[in-house]
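Here are some notes for a colleague opening this structure for the first time. They are meant to be read with the coordinates on screen, one point at a time.

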Amino acid sequence: MRCRVLTPDNLRSVDDWLDQKNVFAKQYYENVEGETIVTGLRIGDGPGRLVARFGNTIVRHHSGAHSVRPTQHPTGELTAAEWNAQYPVGTHVIAYPGVRGGRAVVGRTRSRAWTLGGHTPSVLVEGESGCIGLTHVDPVDEQTGRRLWLLTVIRSERGQWSTLRAVTAYRNSPWPTPGRSTAQRDLRALARRGELTVWDDDTAKRRAYTLAVASPGRRVA
């Protein structure tokens with residue numbers, strides 16, 4: 001017996017898996033809150049055909065027959081309608097245009113979610129021209145998003161970062177209005193997390209931050 005949990009991401013591979021056993025399968029459409037979208041696969045032909053929806057487990061038995069059952073650990077993926085009900089346009093997010101965990105984009109959504117190709121719930125995010133699947137988009141609160149954005153810029157530009165430099169950077173961000181006190185709190189918070197190292201110049205009475213790597217100078221705990 002073999003089992004496959006059906007999700008929007010593996011729809012094609014599961015279809016191929018069935019096809020290898022000469023089992024007919026095609027995308028199954030349903031009307032969800034006024035939108036006709038793919039919600040799973042129709043398996044087999046005739047009166048004995050099955051419908052496996054996203055989140056269901058398809059079971060291949062030793063006899064060659066198939067059955068469908070609820071998955072013990074659902075995928076947790078949101079439909080476009082469910083996303084739009086929870087997260088309006090402008091929601092702060094961290095998104096991964098490619099591989100999840102790879103290059104991250106921190107910003108706000110710039111569209112409502114929709115179902116791309118009838119099977120992949122997607123949304124547009126500031127800074128990216130193409131849409132991103134909802135499985136690769138995580139909502140964050142404004143403070144978390146702003147600090148993640150600043151850390152991304154620091155990692156890209158490197159060098160020493162003062163409060164003034166952070167304020168200047170924020171002017172080109174999705175959060176263009178933070179003042180010195182906000183920038184100072186954000187830099188301190190990143191340092192407490194171990195992302196930045198704090199350096200004091202006693203002569204000039206200035207404080208700067210760098211990425212948490214070895215650097216000459218006197219480190220402040």
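What is the sign of phi at Gly-194, the glycine that follows α5?

1. This is a predicted model, and the points below should be read with that in mind. Gly-194, which comes after α5, has a positive phi, near 90°. The helix itself runs over residues 180–192, and at 1.5 Å a residue its 13 residues should span 18 Å; because its end C-alpha atoms are in fact 18 Å apart, the expected and computed spans agree.

2. Next comes the burial of α5, where Thr-182, Ala-183, Asp-186, Leu-187, Ala-189, Leu-190 and Ala-191 are all listed as buried. As background, an α-helix has 3.6 residues a turn, so residues three or four places apart point the same way. The cover over the buried residues of α5 includes two helices, α3 (142–157) and α4 (163–170), together with the strands β13 (196–201) and β14 (206–211).

3. Two packed helices are described by the angle between their axes and the distance between the axes. For α4 and α5, the axes come within 9 Å and cross at roughly 105°, and because angles from 65 to 115 degrees count as roughly perpendicular, these two helices are described as roughly perpendicular to each other. On the α4 side the contact involves Thr-163, Leu-164, Ala-166, Val-167 and Tyr-170, while α5 contributes Arg-180, Ala-183, Gln-184, Asp-186 and Leu-187. Sorted by character, the residues of this contact are six nonpolar, two polar and two charged.

4. The packing of α3 on α5 can be described in the same terms: the angle is about 75° and the axes are 10 Å apart, which makes α3 roughly perpendicular to α5. Here Arg-146, Arg-147, Leu-150, Leu-151 and Ile-154 of α3 meet Thr-182, Arg-185, Asp-186, Leu-187, Ala-189 and Leu-190 of α5. The residues of this contact comprise six nonpolar, one polar and four charged. Asp-186 and Leu-187 are named in the contact with α3 and also in the contact with α4.

5. Turning to strands, an open sheet is formed by three of them in the order β1-β5-β6, with antiparallel pairing. The strands β1 (2–5) and β6 (66–70) stand at the edges with a single partner each, so that one side of each has no neighbour in the sheet. On average, and with direction ignored, neighbouring strands of this sheet are turned by 25° against each other. Between β1 and β5 (residues 56–60) the antiparallel pairing extends over four bridges, and Arg-4 has Ile-58 in β5 as its bridge partner.

6. Most residues other than glycine have a negative phi, and most peptide bonds are trans. Against that background, Asn-22 deserves a look, with a positive phi near 60°; Asn-22 sits in the loop between α1 (11–19) and β2 (25–32) and, at 74% relative accessibility, counts as exposed. Arg-158, in the loop between α3 and α4, likewise has a positive phi near 60°, but at 48% relative accessibility Arg-158 counts as partly exposed.

7. Lastly, Pro-139 belongs to strand β12 (residues 137–139) and, with a relative accessibility of 33%, counts as partly exposed. With neighbours within four places in sequence left aside, Pro-139 is in contact with Trp-83, Tyr-87, Thr-91, His-92 and Val-93. Leu-150 is eleven residues from Pro-139 in sequence, and the two are 17 Å apart from C-alpha to C-alpha.

Technical notes. Residues are numbered from 1 along each chain as its sequence is written. This is a predicted model: local features need pLDDT of at least 70, side-chain atom pairs count only at pLDDT 80 or more; totals for chains, interfaces and linings use all residues. Side-chain values use heavy atoms; hydrogens and water are left out. The expected span of a helix is 1.5 Å times one less than its number of residues. Buried means under 20% relative accessible area, exposed over 50%, partly exposed in between (1.4 Å probe, protein chains only). Contact means heavy atoms within 4.5 Å. Two strands pair if DSSP finds at least two bridges between them. Axes are lines fitted to C-alpha atoms, for helices over the stretch in contact, and angles run from 0 to 180 degrees between N-to-C directions. Angles under 35 degrees count as roughly parallel, over 145 as roughly antiparallel, 65 to 115 as roughly perpendicular and the rest as oblique. Ala, Val, Leu, Ile, Met, Phe, Trp, Tyr, Cys and Pro count as nonpolar, Asp, Glu, Lys and Arg as charged, and the others, Gly among them, as polar.
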